[in-house]
Amino acid sequence: MERVICHYDMDAFYASVEMRENPQLKGQPFVVGGGVICTASYEARKFGVKSAMPVFQAKKLCPNLKILPVNIDLYSEVSETIHKLVKKITDKVEFIALDEGYIDLTNIIDKYPSKLYFAEKFKERILEITGLTCSIGIGYNKLSAKIASDMKKPAGISIFKNSHEFIQYIKDRPIREIPGVGKKLEVELLQNGIEKVQDIYNLSYSQLKKRYSASRALLLYYYSRGIDDSEVENERKAHSIGAENTYRYPLSSEEDLRRELEDIFQKVYDRLTEEKFYTKTLIIKLKYSDFTLITRSFSLTKHTNDRVTLYDMFENLFSEIEEFSNIRLAGLSFTNLTKNIYEQLQI
Ligand code: TTP
Ligand code: MG
């Protein structure tokens, strides 16, 4: 049966909440963060300032940049308000961050005159109850919905009816727009002459696997073709397995962080296999001395318990980290767990 999935994503979330609280910030370049940036206002983004960038670097790009401290309680409160609204629509929802989530509309979309109508009404309600704008994507799976929500930021709505429409759009886009293609993989792909998504179509799955690794090959092969069978999983049906350490003396080098995270990886991986789980998503979490929190996640299209694939996901995420000083907490977890992989084999 054809699915209808909605992905909503608040625009410049932390920054928009701050702007709502203090309208004088409108039109100003500012960021929310401490040592590293959680998010940048759209004005600051014009200077190339972005999430996860160290603040000192951002200041070089934009000398007038204002830095606001993170007020996570406030953002969580706003997030809770949004979650309540979403849960009134259906219980088939998956919140993946404070400011974004998937809503499975398959069984309820007929109650609305059209997909566009649903999206417009939803956006209006969010604005009414939070004073904030969001962008909305509606697709035939999670992948296409997620890409769609990013197409007309801020406050835009985009819809993909089917994979044909999706491919028409994605084929000319830069390869980094495939979810999970981080900086390191992008560089490797560019070196191999793969610049746009359509350049992937010339390579078979086994060629991709030889060049990149199993997890990356899966991602590139399936996502570039708009294939994603994963379900909207409410309340993280399958729980997660993870561990984290806090450090009285903060970690301050790439080597230290790598060693710590590798340790945690091994511990968590052992538990995954002992408990006979298969996973699809790896999350790395770091907290810095100034309490800024960075999370990075990477998802596969299929569940696995293969160590090489999972370690490769870890490497992918690790290469995205930009700030290695004053790390107070490092954690790693596997989510989207299942014990039954047989249902996955249909692709
Ligand atoms: P995003 O949705 O990635 O970014 P955004 O909402 O700020 O901007 P956009 O309009 O492009 O969606 O993240 C949501 C919030 O999560 C963001 O406001 C701040 C926080 N965040 C971090 O704390 N650390 C990070 O590394 C990222 C990417 C986001
Ligand atoms: Mg957002």
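User: Why is the crossing of H4 and H5 called right-handed?

Analyst: The term goes by the sense of the turn: a crossing is right-handed if the near helix is turned clockwise from the far one. The crossing of H4 and H5 is classed as right-handed on that rule. Keep in mind that this is a predicted model. H4 covers residues 72-89 and H5 residues 115-130, with axes that come within 10 Å and cross at roughly 145°.

User: Which residues in H4 and H5 meet?

Analyst: On the H4 side you've got Val78, Thr81, Ile82, Leu85, Val86 and Ile89. They meet Phe118, Phe122, Arg125, Ile126, Ile129 and Thr130 in H5.

User: What makes the site of the magnesium ion (ligand 2) octahedral?

Analyst: Six donors count as octahedral if opposite ones are over 155 degrees apart and all others lie between 65 and 115. Here there are 6 donor atoms, with angles of 84 to 176° among them, and the site comes out as octahedral.

User: Which residues coordinate the magnesium ion (ligand 2)?

Analyst: Asp9 and Asp99 each bring OD, while Met10 uses its O, at 2.0 to 2.3 Å. A donor has to sit within 2.8 Å of the metal, so these distances pass the cut-off. In sequence the donor residues follow the spacing D-M-x88-D. Aspartate 9 and methionine 10 are both buried.

User: How do you know that E10 and E11 pair?

Analyst: At least two bridges are needed between two strands. Strand E10 (residues 279-288) and E11 have 8, in the antiparallel sense, so they qualify. Within that pairing, isoleucine 284 stands opposite arginine 296 in E11.

User: Why is one side of E9 and of E11 left without a neighbour in the sheet?

Analyst: The open sheet has 4 strands in the order E9-E12-E10-E11, with antiparallel pairing. E9 (241-251) and E11 (293-304) stand at the edges and have a single partner strand each, so one side of each is left free of neighbours in the sheet. From one strand to the next, the twist averages 10°.

User: Which helix lies across E9, E10 and E12?

Analyst: That's H11 (residues 254-274), which runs at about 155° to E9; E12 spans 327-335.

User: How do you know that E5 and E6 pair, and likewise E2 and E3?

Analyst: Same test, at least two bridges. E5 (residues 93-97) and E6 (residues 100-104) are antiparallel over 4 bridges, so they pass. A hairpin joins them through 2 residues, and alanine 97 stands opposite glutamate 100 in E6. E2 (residues 30-33) and E3 (residues 37-40) are antiparallel over 3 bridges, so they pass too. Their hairpin has 3 residues between the strands, and valine 31 stands opposite alanine 40 in E3.

User: Why is helix H10 described as largely enclosed by the rest of the structure?

Analyst: Buried means under 20% relative accessible area. In H10 (residues 214-224), 9 of the 11 residues are buried, so the helix is largely enclosed. The buried residues include Arg216, Leu219 and Tyr223. Among the elements that cover them are H6 (142-149), H9 (205-211), E11 and H12 (307-318). Just after H10, glycine 226 takes a positive phi of about 75°.

User: What makes alanine 155 partly exposed?

Analyst: Partly exposed is the band between the 20% and 50% cut-offs. Alanine 155 has 30% relative accessibility, so it falls in that band. Its place is the loop between H6 and E8, and its phi is positive, near 60°, in a residue other than glycine. Most residues other than glycine have a negative phi, and most peptide bonds are trans. In that loop there's also proline 154, joined to lysine 153 by a cis peptide bond with omega about -10°.

User: Why is phenylalanine 291 called exposed?

Analyst: Exposed means over 50%. Phenylalanine 291 has a relative accessible area of 65%, so it's exposed. It lies in the loop between E10 and E11 and has a positive phi of about 75° although it is not a glycine.

User: And why does leucine 61 count as partly exposed?

Analyst: Leucine 61 is at 39% relative accessibility, between the 20% and 50% cut-offs, so it's partly exposed. Leucine 61 lies in H3 (residues 55-61). Leaving aside its neighbours within four places in sequence, leucine 61 is in contact with Phe47, Gly48, Val49 and Met53.

Definitions and conventions:
Residues are numbered from 1 along each chain as its sequence is written. Chains are lettered from A and ligands numbered from 1 in the order in which they are written. This is a predicted model: local features need pLDDT of at least 70, side-chain atom pairs count only at pLDDT 80 or more; totals for chains, interfaces and linings use all residues. Side-chain values use heavy atoms; hydrogens and water are left out. Donors are N, O and S atoms within 2.8 Å of the metal (3.2 Å for Na, K and Ca); water is not among the atoms, so sites may look incomplete. Four donors count as tetrahedral if all angles lie between 85 and 135 degrees; four count as square planar and six as octahedral if opposite donors are over 155 degrees apart and all others between 65 and 115; anything else is irregular. Buried means under 20% relative accessible area, exposed over 50%, partly exposed in between (1.4 Å probe, protein chains only). Axes are lines fitted to C-alpha atoms, for helices over the stretch in contact, and angles run from 0 to 180 degrees between N-to-C directions. Contact means heavy atoms within 4.5 Å.
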